[in-house]
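The following exercises concern one protein chain. Each sets a task and then works through the solution in steps.

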Amino acid sequence: LAASEEQSASSCSFVDLRDLFLTIGTKKFCAVAANVLHGNQLIVRGPVQSLVESVLRVLQALLPEGCCQTIPFGSTYQHSYQCNFLGLDSSVQLPDDLKSSDVFVLVDITRKRRESVKLELDMFGANGRRKESGAS
């Protein structure tokens, strides 16, 4: 997600599903959507709270009302039985036992330079091996 020169990364946010789709591309969007629809925990991690919250907010549109237990931006990991949509600061480490499960999808938001933000999608399989990784 590129911010204009007058707009800092801290004020960037996603408006709707189309906006997110155009930013991360078809393959990654479909992977995230499939995981959300299957009931896997969505973890969005990034340095900018408003951006993390906007990703969670637009993806909630995929589920019926009342089906999202959301922690919009926390400083510690919460298990999937506590929330299915979790926003975290980029400094939060995920537990090792989680990485060996296939019940979550991780979207990492990183800042490459001052003007732009990059979304990276990490999905792990049951054996702990990465299924897909990359950036758009």
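The accessible surface of the chain comes to about 7,200 Å², with 48% of it belonging to carbon and sulfur atoms; such areas come from the Shrake-Rupley method with a 1.4 Å probe, and for residues only the protein chains shown count as cover. The model is predicted, so that local features need pLDDT of at least 70 and side-chain atom pairs count only at pLDDT 80 or more, while totals for chains, interfaces and linings use all residues. Residues are numbered from 1 along each chain as its sequence is written, and side-chain values use heavy atoms, with hydrogens and water left out.

**Exercise 1.** Determine the order of the secondary-structure elements.

*Solution.* Step 1: helices (H or I, at least four residues) and strands (E, at least two) are taken as DSSP runs, numbered from the N terminus. Step 2: the chain has 4 helices and 6 strands. Step 3: read from the N terminus, the order is α-α-β-α-β-β-α-β-β-β.

**Exercise 2.** Locate the salt bridge and state whether its partners are buried or exposed.

*Solution.* Step 1: the criterion is a side-chain nitrogen of Lys or Arg within 4 Å of a carboxyl oxygen of Asp or Glu. Step 2: the whole structure yields 1 salt bridge, in which the side chains of Arg-45 and Asp-108 meet at 2.7 Å, N to O. Step 3: the pair links distant parts of the chain, as Arg-45 lies in strand 1 (residues 41-46) and Asp-108 in strand 4 (residues 104-113), 63 residues apart. Step 4: buried means under 20% relative accessible area, exposed over 50%, and partly exposed in between (1.4 Å probe, protein chains only). Asp-108, at 12%, is buried, and Arg-45, at 12%, is buried as well.

**Exercise 3.** Identify which element gives the largest share of the largest nonpolar core.

*Solution.* Step 1: a nonpolar core is a set of buried Ala, Val, Leu, Ile, Met, Phe, Trp, Tyr and Cys residues joined through side-chain atoms within 4.5 Å. Step 2: the largest such core has 22 residues, and Leu-20, Val-32, Leu-42, Val-44, Leu-59 and Phe-85 touch the most other members. Step 3: two or more residues each come from helix 1 (17-24), helix 2 (26-37), strand 1, helix 3 (49-59) and strand 4. Helix 3 gives the largest share, 6 residues. Step 4: another core of 10 residues lies apart from this one and includes Ile-43, Leu-86, Leu-94 and Leu-106.
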